[in-house]
Amino acid sequence: MKRYIYVENKKINGCGQAEILDDATQNIEVSETIFNEFLEDNLKYIFDSGKIIPNPNYKKEKTNQELKNKIEALKLQLDDLDKKRIRAICENKIKDENTNQTWLEYYNQKILNLRQQIKNLTAQFN
């Protein structure tokens, strides 16, 4: 069974076991190992000089992708906290009777912490 990695405009666009019959797509036949590794992680290989080769910048790109994913997850948490904060503004209730901390103050502190985490992760990009 043949396995292909598809290239469009000198960039890998996917893979499969059938050729794409499109003039814009180049079908490059690859070994089962390369095919499976590409399926597992599409950053492992690049197209260069008509060949599929191991990505020389793999570790850097993988790290950056992981950082992006973490930042996106933190942004989702921020969105959730913003909704809770709006409710806290409307209700204005005390969260902790001992410290007199309101729910709004509590959510604001959590949001500040998340923003700091995002800032720290963003600074790590290569």
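Me: What makes the charged end of Lys95 count as sitting over the ring of Tyr106?

Reply: In this predicted model, a charge sits over a ring when NZ of Lys or CZ of Arg is within 6 Å of the ring centre and within 35 degrees of the ring normal. The charged end of Lys95 is 4.5 Å from the centre of the Tyr106 ring and sits over that ring. The charged end of Lys95 also sits over the ring of Trp103, 5.4 Å from its centre.

Me: Which numbering and which atoms underlie such statements?

Reply: Residues are numbered from 1 along each chain as its sequence is written, and side-chain values use heavy atoms, with hydrogens and water left out. Local features need pLDDT of at least 70 and side-chain atom pairs count only at pLDDT 80 or more, while totals for chains, interfaces and linings use all residues.

Me: Why is the pair of Trp103 and Tyr106 called edge-to-face?

Reply: Rings of Phe, Tyr and Trp (its six-membered ring) pair if their centres lie within 6.5 Å; planes under 30 degrees apart are stacked, over 60 edge-to-face, and the rest tilted. The count by this rule is 3 aromatic pairs. For Trp103 and Tyr106 the centres are 5.6 Å apart and the planes stand at 85°, so the pair is edge-to-face. Ring pairs join Trp103 and Tyr106 with Tyr107 in a cluster.

Me: Where do Trp103 and Tyr106 lie along the chain?

Reply: Both belong to helix α3 (residues 103–123), 3 residues apart, about one turn of the helix. Helices (H or I, at least four residues) and strands (E, at least two) are DSSP runs, numbered from the N terminus.

Me: Are Trp103 and Tyr106 buried or exposed?

Reply: Buried means under 20% relative accessible area and exposed over 50%, with partly exposed in between (1.4 Å probe, protein chains only). Trp103 has 32%, so Trp103 is partly exposed. Tyr106 has 24%, so Tyr106 is partly exposed as well.

Me: What makes Arg3 and Glu32 a salt bridge?

Reply: The term requires a side-chain nitrogen of Lys or Arg within 4 Å of a carboxyl oxygen of Asp or Glu. In the pair of Arg3 and Glu32 the closest N and O atoms are 4.0 Å apart, and the two residues form a salt bridge. This pair links distant parts of the chain, with Arg3 in strand β1 (residues 3–8) and Glu32 in helix α1 (residues 32–40), 29 residues apart. Arg3 has a relative accessible area of 15% and is therefore buried, whereas Glu32, at 47%, is partly exposed. By this rule, the count of salt bridges is 6.

Me: Which salt bridges lie in helix α2?

Reply: Among them is the pair of Lys75 and Glu72, with 4.0 Å from N to O. Both residues lie in helix α2 (residues 58–91), 3 residues apart. Asp82 and Arg85 also meet in a salt bridge, at 2.9 Å from N to O, and these two lie in helix α2, 3 residues apart. Asp82, at 24% relative accessible area, is partly exposed, and Arg85, at 22%, is partly exposed too.

Me: How do you know that β4 and β5 pair?

Reply: Two strands pair if DSSP finds at least two bridges between them. Strand β4 (residues 45–48) and strand β5 (residues 51–54) have 4 bridges in the antiparallel sense, so the two strands pair. Phe47 stands opposite Ile52 in β5. The strands form a hairpin with 2 residues between them, and Ser49 in the turn has a positive phi of about 55°.
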